[in-house]
Each structure stands twice: as C-alpha cells, then as structure tokens.
Amino acid sequence: MSLINIKINGKELQVEEGTTILQAAKKVGIEIPTLCYMNLHDLNIEHNPGGCRICVVEVEGRRNLAPSCVTKVWEGMSVKTHTMRVLNARRTVMELILSDHPFECLTCAKNGNCDLQKLAQDLGVREIHYQGEQSTYKEDKSPAIIRDMDKCIMCRRCETMCNDVQTCGVLSGINRGFTAVVAPAFEQDLIKSPCTFCGQCVAVCPTGALTERDYTNRVIRALADPTKTVIVQTAPAVRVALGEEFGLPAGTIVTGKMVAALRRLGFDKVYDTDFAADLTIMEEGTEFLDRLSRYLNGDKNVKLPILTSCCPGWVNFFEYNFPDMRDIPSTAKSPQQMFGAIAKTYLAEKLGVKRENLVVVSVMPCLAKKYEAEREEFRVDGNPDVDFSISTRELAHLIKQTIGDIKDLPDEDFDKLMGESTGAGVIFGNTGGVIEAACRTAYEIYTGKTLEKVEFHQLRGFESVRSAVVDFDGLKLNIGIAHGLGNARKLLECIRNGECEFHAIEIMACPGGCIGGGGQPLHHGNTEILKARAAAIYKEDEGKALRKSHENPEIIKLYEEFLGKPSSEKAHHLLHTKYFDKKKRIYIEK
Amino acid sequence: MSSIHIKLKDKDCQTIKEICESFNNDPGELINILHKAQEHFGYLPAEVQETIAQNLNISVAKVYGVVTFYSFFSMTPKGKHPISVCTGTACYVRGAEKVLEELKKELKISVGETTPDGKFSLSCLRCVGACGLAPVVMIGDKTYGRVAPEDVKKIIEEYNS
Ligand code: SF4
Ligand code: SF4
Ligand code: FES
C-alpha cells in the first residue's frame with residue numbers, strides 16, 4: 001500500500017492510502033471529537049455513517065468543512081482540526097442535536113456516563129440558540145431493556161450492532177425527517193420482536209435512549225424487608241470490570257472488595273455464580289461425554305456437535321432463528337439459573353428458610369439474564385428461581401448510593417455452601433472459557449488421567465470464529481468457538497448445511513464473551529478495555545488453588561448430599577431445561 | 001404508522017413469492033418489490049411485509065423501515081371513497097387546511113388513515129391543476145371546488161345515504 005504525505009495542524013506525517021483524517025490525527029495524538037462514529041477494530045466492527053457532523057475539520061482548498069471520520073486523506077492534504085471556524089461548527093451541530101433532546105440529565109440513567117453530555121460539556125455549550133419541536137415517543141419497557149427514543153440522536157450505532165454484528169434484525173431506522181427513529185418492525189415493543197436482549201445496542205448507545213431495566217429499587221426493598229433472607233450471586237465477568245466504575249484501571253480484579261461491598265449492602269449471604277459454573281461443567285460435561293461415547297459407538301440417534309447453553313442471549317437467538325436445531329444445544333441451564341434452582345431447594349433447606357422468603361439476586365454482566373430470570377419454566381408455583389438480575393453497572397450504582405466506594409474496603413471471602421469455585425468457573429467470563437473449562441473436566445473423566453497442563457491455549461483468543469483440536473489421549477476433538485451472534489449464525493448455518501464437523505461448540509452472544517456483556521461498564525468503543533478484562537480473568541484462574549470443576553469440594557458435597565450424581569433424575573429436574581420454537585413470535589399478533 | 005391485521009391466504013403468499021422471484025429475490029430490489037405488492041394488494045399490511053422479508057431473507061424491521069420512509073407506501077387500505085384534499089399553494093392559501101381539519105373531525109381519522117367501516121380514507125395531494133376552483137377536495141373521481149369547512153358535513157352525507 002502506498003504512503004501519503006499530509007499535514008495536520010502543521011505537523012507533517014505519512015499515512016497509508018485509504019486512511020481517514022480521523023485515524024491519521026489519532027496517530028499523532030490529536031483527538032477529534034466524534035459521536036456517531038464507532039470503531040471496535042479488534043472485533044472487526046466499524047460504523048461510520050458520517051451523519052452527525054461533530055467531527056468536522058478544515059481542509060485547505062476545500063470550501064466546506066469535512067467530516068473527518070469518513071473523509072480519506074490525499075497526497076499533500078493539509079488539515080486543521082481546531083480552528084475557530086471548526087469549533088463554531090461543532091457547537092452549532094451540538095446545539096441542533098440538543099434542541100430536540102429532553103433536558104433530563106439529572107434523572108437520566110446515563111447521567112455522568114453519557115457521550116452526548118460529555119461532548120456538550122467539552123464543547124462548552126451554554127445556551128441553545130435553536131428552538132424546535134420536541135419528539136415524543138412512547139417508552140418501551142421490556143424486562144431487560146428500556147427504549148426511550150426521545151433521547152435518540154440517530155447515530156444508528158445500535159442498528160449496526162443489532163443487524164451487522166448480531167444479525168438479529170430487530171432494529172431499523174424508520175420514518176424520515178423529524179419523526180425518523182430507530183425501532184423494531186411495526187414499532188412494536190422489543191418483547192414482541194425477535195430481540196435476544198443481548199444488550200449490545202445498549203452497550204454502544206451514546207445517550208440514555210437505550211438503557212437496562214433497572215431493578216436496584218426492588219433489591220433495596222427486599223433488603224429492607226426483615227421477613228426476607230436475601231442472598232446474592234456474582235458472575236465471573238463482574239469482578240474484573242466493577243472496579244472501572246470506581247476509577248480503577250480496566251482489568252483490576254476486585255473480587256474481595258466486591259464481596260465486602262455486597263455484605264455491607266446487607267445481603268445475608270454472598271455467593272458465587274462461579275460455583276454454579278462449576279456445576280454447569282459437571283452437567284454439561286457429562287452430557288457431552290455421554291453424547292460423544294454414544295456417537296463414537298455408532299448410535300445414529302445422537303447428534304453432535306453439542307452446543308453450550310450457558311448464554312441466555314444465545315438461547316433466545318436459536319429459539320427465534322434456528323428452532324429446527326434446538327435439539328443440539330446442551331440441555332444444561334445457565335449458571336445463573338442453576339444457582340437459583342439449587343439455592344431455592346438445597347440451600348433454602350440448609351439455611352432453614354422457606355422458598356418464598358428467600359430472595360435470590362444475581363449480579364450479571366448481562367441484560368439477557370434479566371429476561372432469562374423471568375422465563376416461565378424457571379419458576380415454581382410462580383416463584384422465580386432468581387428473583388432479580390442486576391447488571392454490573394446497577395451494582396455500581398447501588399454501591400455509590402449507599403456505601404460510596406469499594407476502593408478502601410477489605411478483601412473478603414464468599415460464604416460457604418455455594419461460594420467455593422475453581423479457576424474453571426472463573427474463565428466462563430471469556431470467549432473460549434466455557435469450552436476450556438469443559439475440556440479440563442471431560443478430559444480427566446474420559447481418559448482417567450490427570451491433566452498435566454490445565455490451560456488449553458488453542459481455545460483462547462479474540463478471533464470471532466475459531467476452531468481448534470483438543471487431544472483426548474489420542475481421540476482428536478474438533479472444537480468450534482464463536483462470540484457475537486453474527487458469528488454464531490455462521491457456525492450454525494455451516495452445521496445445518498453439513499459443511500463443518502465439530503464435536504463441541506461454544507457460543508457467546510456478546511463480542512469477547514461475558515466480559516463484553518451488555519451489562520458491563522461502558523467501554524465507549526475502547527477494545528483495550530475488553531482485552532484487559534480478559535487478561536484479568538485468566539489471571540484470576542491462575543491464582544486459584546483448584547482449577548478443575550470436578551475438584552470443587554462444595555460441588556462434590558452437593559452431589560453427595562443432594563443430587564446424587566451428574567445427570568441423575570434430580571439433577572435433570574433441577575439443572576436442565578428445554579427449548580422452544582419461538583419463530584412464530586416474530587410475527588405480528590393476529 | 002397504524003395498521004390493520006389480516007390473515008394471508010396461501011394464494012396471497014404465492015403471489016408475494018412470485019413477485020419476489022420476478023426480482024430474483026434480490027433485497028436490492030426491495031422498493032420495486034414493495035411497489036408491485038402494493039399494486040396487487042392496494043396497500044402493505046404487516047403480514048405482506050413479513051412475507052416479503054421472509055422471501056428475501058432480510059429482517060422485517062428493514063422492510064418496515066423502507067415502507068415508512070416513502071410516503072407512497074401505505075399500511076392501510078384505501079377507503080371505498082378515498083378523499084384527497086389538495087394542499088397545493090393556491091388551495092392552501094384559500095383555506096384547504098381548515099377544510100382538512102373539518103374532514104378529520106367529521107371522519108375521526110387523520111391523514112393516511114381509513115375509517116373503521118372502510119368507507120372513507122383521507123389523504124393530501126399536491127396541486128391537481130384546478131387552482132381556479134381552490135380549495136379543491138376530490139372524492140373518488142369526483143371533484144368538489146371552492147369547498148368551505150361548513151360544506152364538509154353535507155358532502156360526506158352524500159356518501160352516507
Ligand atoms: S438487545 Fe441485541 S437483539 Fe435486542 S435490539 Fe439490542 S442488539 Fe438487537
Ligand atoms: S438509540 Fe442510541 S444508539 Fe440507537 S440511534 Fe438512537 S442514540 Fe444512536
Ligand atoms: S462522528 Fe463523524 S460524522 Fe459523526
């Protein structure tokens with residue numbers, strides 16, 4: 001590729017042909033503000049509609065200002081990024097955007113964490129010189145996501161995430177002119193659309209237009225109720241991201257402080273979803289080995305590959321889009337729901353609390369878990385196994401509202417009975433982690449040998465669709481991994497067409513896995529943050545004394561005292577589920 | 001956009017399939033496909049849009065996005081007596097807006113809608129070339145000139161008897 005000479009603010013530099021002004025400026029450390037533009041390059045996600053015009057710059061010899069995110073450099077180009085003319089234009093653009101934006105900052109869920117607010121601040125907007133009509137749309141409140149389109153600035157990032165990255169096809173730009181907005185087909189509510197509640201649209205929305213359904217008030221109410229025993233479980237990806245909300249660098253591990261904070265919030269017991277992840281491996285791993293050995297023995301009724309089923313966004317996705325293949329995912333419930341089911345039976349008995357007086361709260365990096373917790377099949381006589389699922393962000397809000405900060409808290413340990421976990425449970429948070437955890441256990445059970453090295457490096461990485469071979473003592477297993485639902489779709493289509501042969505496949509709905517979940521602290525388009533979280537997860541794994549799920553003493557005890565053995569009748573009843581054909585749901589109600 | 005719900009017959013699905021096939025099921029031809037479908041059905045109910053989406057293997061949201069982008073497409077069937085109010089300059093200046101308001105009040109629908117009994121639908125037109133008669137209202141093929149808001153009730157009654 002040929003190099004091109006350009007000048008930015010008088011600085012001379014050489015960049016590759018095809019580079020945009022924005023990218024070139026970044027190379028020499030010049031920040032140009034952007035709003036609609038989004039680039040998650042490590043995940044191959046780019047969105048530059050060139051619509052908002054916040055990023056304009058002056059180009060010598062050009063009459064109009066140029067949007068830097070879409071304008072490519074040319075030989076001899078001279079750019080000025082911060083002239084008076086540029087600043088005025090940016091401020092005008094911002095005022096125009098704000099002229100149709102509700103001034104609800106003080107009560108907005110994104111207050112303090114909003115790209116639009118920050119930009120208005122940076123641009124020094126003090127007055128809006130334009131007055132116009134204000135949009136009014138009806139609020140769409142699903143169990144997981146709230147759409148408040150009055151706050152939409154039509155950057156259309158969500159559309160890119162939903163259509164190009166996740167291939168869910170829920171959101172589309174509709175209408176035009178003043179009434180233009182992003183919405184599901186026929187402006188129906190999300191709950192009636194094929195929305196998987198992956199939350200990736202929420203993760204990239206620069207304003208408060210898309211936010212999570214906040215359950216913190218209900219959690220506070222439960223905590224204040226003396227008749228309730230309130231317990232909490234925390235997912236693996238939360239501990240490597242929560243710190244960001246309190247100003248700690250991405251990748252800081254705050255497990256002990258998080259536990260301490262939850263105790264101070266008044267939870268009666270603080271447990272670990274990692275425990276349930278280990279349990280998932282026991283059930284899913286057993287199911288896999290059973291299917292594998294029957295398959296190897298020539299049983300024509302058994303299907304491979306087995307697909308992981310611990311990601312509820314992914315479960316929604318195949319129920320809507322591939323219902324004909326719903327017999328190949330594992331029937332194992334997600335760790336969140338396994339935890340709930342065991343908590344409201346085994347644990348309730350141990351604690352001497354009645355089911356209806358036990359409130360199970362989960363802290364998840366995920367918005368789909370909110371929807372999952374509300375599923376009919378995860379209730380007993382109307383009482384849910386998991387009462388409320390809150391996101392990492394909501395936990396941070398809850399802490400800020402009450403105890404303030406986590407930084408000065410001591411490191412504390414999870415409570416006994418459902419708080420012990422192994423490194424295998426921890427790595428569930430990363431793409432490739434569930435299948436690695438499964439391999440650690442399945443290998444030892446299948447071969448009867450002890451793994452010398454527990455890491456399966458071939459399963460790690462950020463590549464969107466990966467395949468690797470794992471050697472089970474001479475038996476070569478083909479493993480597939482996909483993160484992001486668009487990548488999952490590719491793998492599923494390949495299986496459906498009989499074009500690829502895998503024994504097992506791990507799928508995560510969110511890019512990067514749970515560490516990049518829709519409920520995590522916002523990464524504002526910085527993929528370095530995701531990488532730091534991923535590294536922290538592996539570090540946490542390395543620091544664990546036990547790293548294989550089947551060695552978790554509390555899991556061993558649970559089977560001994562309560563479940564019998566993996567895949568027993570009781571285990572099936574409590575820890576497995578079935579999937580539904582929900583394709584019809586996307587059709588408008590008759 | 002408000003819409004009504006219908007149940008597509010197999011025959012209708014077949015027609016949609018054929019329309020899509022005549023454009024090689026190419027999503028790039030969506031606008032032309034929607035045109036043809038509207039020609040056939042008279043409007044584009046949700047079910048027709050969904051079936052088109054299925055045939056082209058694209059999301060319903062995308063199809064709906066296009067339908068709502070172009071004012072030419074409609075999701076409600078035209079009434080038995082489609083009413084069009086000219087809002088061209090001459091008519092506008094001479095009070096078309098007030099006539100339109102009166103029609104909306106009388107029929108209890110807004111522009112682009114059809115009365116529940118399917119009798120009347122309401123739309124706006126750009127100049128019909130009868131500026132001498134402004135303001136002009138058309139019902140079906142019939143043209144009414146120099147319409148005043150007070151006339152609206154009487155005109156509607158003609159069709160209600
Ligand atoms: S949650 Fe996921 S599937 Fe639902 S609208 Fe957002 S991106 Fe699309
Ligand atoms: S909802 Fe948010 S992400 Fe989507 S277009 Fe509006 S502002 Fe952008
Ligand atoms: S950021 Fe460049 S046009 Fe929006």
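Which residues in α3(B) meet which residues in α4(B)? I would like to start there, and I should say straight away that what we are looking at is a predicted model, so every value I mention has been computed from that model. On the α3(B) side we have B:Gln49, B:Glu50 and B:Ala53, and they meet B:Val60, B:Val63, B:Tyr64 and B:Val67 in α4(B). Sorted by class, the residues of this contact are 5 nonpolar, 1 polar and 1 charged.

Now let us look at how these two helices are placed, because the angle decides the word we use for them, and angles that are neither under 35 degrees, nor over 145, nor between 65 and 115 count as oblique. The axes of α3(B) and helix α4 of chain B, which covers residues 60-69, come within 8 Å and cross at roughly 125 degrees, and that makes α3(B) oblique to α4(B). The crossing of α3(B) and α4(B) is right-handed.

Please keep your eye on α3(B), since this helix, residues 46-56 of chain B, also has helix α1 of chain B, residues 10-22, beside it, with the two axes coming within 10 Å and crossing at roughly 45 degrees. These two helices, α1(B) and α3(B), are therefore oblique to each other, and α1(B) passes α3(B) in a right-handed crossing. From α1(B) the residues B:Cys13, B:Ile16, B:Lys17 and B:Cys20 take part, and they meet B:Val48, B:Thr51, B:Ile52, B:Asn55 and B:Leu56 in α3(B). That contact divides into 6 nonpolar, 2 polar and 1 charged.

Let me step back to chain B as a whole. Its secondary structure comes to 7 helices and 4 strands, and if you read from the N terminus on, the elements run α-α-α-α-β-α-α-β-β-β-α. Taken along the principal axes, the C-alpha atoms of chain B fill a box of roughly 50 × 30 × 25 Å.

Next comes the interface with chain A. How many residues does each chain bring to the contact? Chain B gives 19 residues and chain A gives 20 residues, and the area buried between the two chains is about 1500 Å², of which carbon and sulfur atoms give 59%. Across this interface the rule finds 1 salt bridge. A salt bridge links B:Lys62 with A:Glu159, and the closest N and O atoms of that pair are 3.5 Å apart.

Within chain A, I have chosen one helix pair to show you, namely α9, residues 312-321, and α15, residues 485-496, which pack at an angle of about 50 degrees with their axes 11 Å apart. The helices α9(A) and α15(A) are therefore oblique to each other, and α9(A) passes α15(A) in a right-handed crossing. Here A:Gly313, A:Trp314, A:Phe317 and A:Asn321 in α9(A) meet A:Leu485, A:Ala488, A:Arg489, A:Leu492 and A:Arg496 in α15(A). By class, this contact of α9(A) with α15(A) has 5 nonpolar, 2 polar and 2 charged residues.

I will finish with some details of the backbone, and for these it helps to remember that most residues other than glycine have a negative phi, and most peptide bonds are trans. Where, then, are there cis peptide bonds to look at? One joins A:Leu304 and A:Pro305, with omega about 5 degrees, and A:Pro305 lies in the loop between α8 (273-296) and β15 (306-307) of chain A. Another runs from B:Ala134 to B:Pro135, with omega near -10 degrees, and B:Pro135 lies in the loop between β2 (120-125) and β3 (137-139) of chain B. As for phi, A:Asn175 has a positive value of about 55 degrees although it is not a glycine, and you will find A:Asn175 in the loop between β10 (172-174) and β11 (181-183) of chain A.

Methods: Residues are numbered from 1 along each chain as its sequence is written. Chains are lettered from A and ligands numbered from 1 in the order in which they are written. This is a predicted model: local features need pLDDT of at least 70, side-chain atom pairs count only at pLDDT 80 or more; totals for chains, interfaces and linings use all residues. Side-chain values use heavy atoms; hydrogens and water are left out. Axes are lines fitted to C-alpha atoms, for helices over the stretch in contact, and angles run from 0 to 180 degrees between N-to-C directions. A crossing is left-handed if the near helix is turned anticlockwise from the far one by less than a right angle, and right-handed if clockwise. Contact means heavy atoms within 4.5 Å. Ala, Val, Leu, Ile, Met, Phe, Trp, Tyr, Cys and Pro count as nonpolar, Asp, Glu, Lys and Arg as charged, and the others, Gly among them, as polar. Buried area is the accessible area (1.4 Å probe) that two parts lose on being put together, summed over both. A salt bridge is a side-chain nitrogen of Lys or Arg within 4 Å of a carboxyl oxygen of Asp or Glu.
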